[in-house]
Amino acid sequence: MSILIRGGRVVTAADGYVADVLVEGERIALIGTDLDVAADRTIDAAGKYVLPGCIDPHTHLDMPFGGTVTVDDFESGQGSAACGGTTCHVDFCIQGQGQTFAQALEGWHAKANGKTLIDYGFHIAITDLADQERLDELATLPEQGITSYKLFMAYKGVLQVDDETLFRAMQVAAASGALVMVHAENGDAIDVLVREALSQGYTEPVWHARTRPPETEGEATNRAIQLARVAGCALYVVHVSCREAVEPIAIAREKGWDVWGETCTQYFFVDYSFLERPNFEGAKYVYTPPPRPKENQDVLWAAVKNDVLSAISTDHCAFLWDGQKTLGRDDFSKIPNGGPGLENRLHMIHEFGVRQGRISLNRMVELLATNPAKLFGLYPRKGTVAVGSDADLVVFDPEKKLTLSASTHHSKADYNLFEGTEVTGTPEIVIRRGEILVENGELVARPGSGRFIPRARVGEELKPGVAVG
Ligand SMILES: [Zn+2]
C-alpha cells in the first residue's frame, strides 16, 4: 500500500516547508515538491501540517494500582492515543515483589497481545533487587530492547525502593547502557505527613497535595542527580511538577551532566485549587506529584522552552471517578493516584504552547516526538519525518476547532482533566507504519497491528529497517 500526502506543511524539530510525502509500505519513501508518482491513496493536505507521530514516553495501561486496575487497557488506551496523534508509547512494566523481570515482562506482553493499535515499548519498573541473580538479569534487559529502568522513590510499602536499590540499579545501568528514570519524591517524609494528617482527621482530596510538599520532590530530584553522578549513569526525572525540582535539573544540565527531565500536560493547566473542588470532585485531580500552586506553571513553560525539561508526557494512569476514585471518599490516601490524558497532549500543547506564543511549532514537535524518540532509543526510526523512517505521520488541521470532553474522548475514563477546554487544531488523519489508524478524527483501524519495538541503548540510534519482534 502506498500513500501520497500532497502539499502539507512538513514540520520537524528543525524544519517547516511545504512538500509531498510518499509512503510506501511501512516507511517514508520520498519527500519532495510536486512529486510525479502514483499511489494507492492520495491525501490532499493543503493548509495542514504533516507532523511526525507523537511519542508518549510515560503511560500506565492495564496496571494494578491503589487496590484496583487502571481503566484503560491497551486497546482503549492506544485507541485514545491514536486519536490524539500519538503513534508510539513506552509503558511501564511493573515488577511484582518476588518476580523475575522475565516474569514481569511476560505479563506485560500478554496484556498488550492482540489489543494494540500503535507501536510500543516497555520500561522496566524495578521494585525488588533482592539478590545477585536479579542484578544479573537486570543487566541483560537492554539486549531485549528494554533500555530504561524506572525506580520509585515514593509510594512507601508499595512501589518505593530504598537508596541502596536505587544506587545498585544505577550502577547496573551505567554498565548496561540503560537510562535510569526516577519518580522523585521523598516517600519516607511523605508517609509521615500522610499519617499525621489522617490522625488529625483530615481526609479530603486536597490533603493529597498538602502531604506532598514541593520540597519533597526537590529533595528527591537532587538526591537522584547526585547518586547518578556517583554511579556514572544517565538519568531522566519523570513528571517534574514544580520549581523545587526544575532548579536542580537546570543546574545539572548547565554543568553538562547526563540528566534530563520531563513534565506532563496537566501540570501546565491544573493547579492546586482544583483539589479543593467540593463534593469529592477534587479526587479527579489526585495524581502524583500533585497539582501545584499556579505560579509553577510559568516555571514549567520556561523550562520546556529553554530545554531544562526536554519532553512532555501524559503519565496517563486513568481511573473512573465514579467507582474507583471513590475508594478514597473517606480517606485521601486511598484515592487511586492517576489521571487520564493520553489523547489530549498534542491538542493542549498546540493550543496553549504554540498558538499562545509560548513555544514554537518546531519545539512542540521536539518535545512531543523527537526528544522522546532520541532519549528512549527510537530515533531516527521514529520521531521525525525523514526518508527511511517509519511512516508514523499526523495530518494536523491547525484551523479545526474542538471542545475537549469526556463525552467525546476515546479513553474509558468518565472524566477529562481538561473538560470543556476549546482548542483550535486537531489531528485529522493519523498513520502508523503506513496504516491509516484515524480518519476525520475517528478511529478506523482494528486492534492487533501495533508492534513491540525493541529500543536502542542511551546515545545509540535505532536504525530504520531493523527487524522488529
Ligand atoms: Zn507514572
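Two strands pair if DSSP finds at least two bridges between them. Keep that in mind for this predicted model.

**Exercise 1.** Find which residue in β19 stands opposite Glu439, and describe how β18 and β19 pair.

*Solution.*
Step 1. Locate the strands: β19 covers residues 442-443, and β18 covers residues 435-439.
Step 2. Count the bridges. There are two between β18 and β19, in the antiparallel sense.
Step 3. Read off the partner: Glu439 faces Glu442.
Step 4. Check the turn. Two residues lie between the strands of this hairpin, and Asn440 there has a positive phi of about 50°.

**Exercise 2.** Now follow Glu439 to the other side, and name its bridge partner in β17.

*Solution.*
Step 1. β17 (residues 422-432) runs antiparallel to β18, joined by four bridges.
Step 2. The partner of Glu439 is Ile429.
Step 3. This is a hairpin too, with two residues between the strands. Arg433 in the turn has a positive phi of about 45°.

**Exercise 3.** List the residues that coordinate the zinc ion, and give their spacing in sequence.

*Solution.*
Step 1. The donors are His58 (NE2), His60 (NE2) and Asp315 (OD), at 2.1 to 2.2 Å.
Step 2. Their spacing is H-x1-H-x254-D.
Step 3. Both histidines, His58 and His60, are buried.

**Exercise 4.** Decide whether Lys115 and Asp73 are buried, partly exposed or exposed.

*Solution.*
Step 1. The two form a salt bridge, with the closest N and O atoms 3.2 Å apart.
Step 2. Buried means under 20% relative accessible area. Asp73 has 14%, so Asp73 is buried.
Step 3. Lys115 has 28%, so Lys115 counts as partly exposed.

Methods. Residues numbered from 1 in each chain as written. Predicted model: local features only at pLDDT ≥ 70, side-chain atom pairs only at ≥ 80, totals over all residues. Heavy atoms only, no water. Donors = N, O, S within 2.8 Å, 3.2 Å for Na, K, Ca; no water. Buried < 20%, exposed > 50% of the residue type's maximum accessible area, 1.4 Å probe, protein only. Salt bridge = Lys/Arg side-chain N within 4 Å of Asp/Glu carboxyl O.
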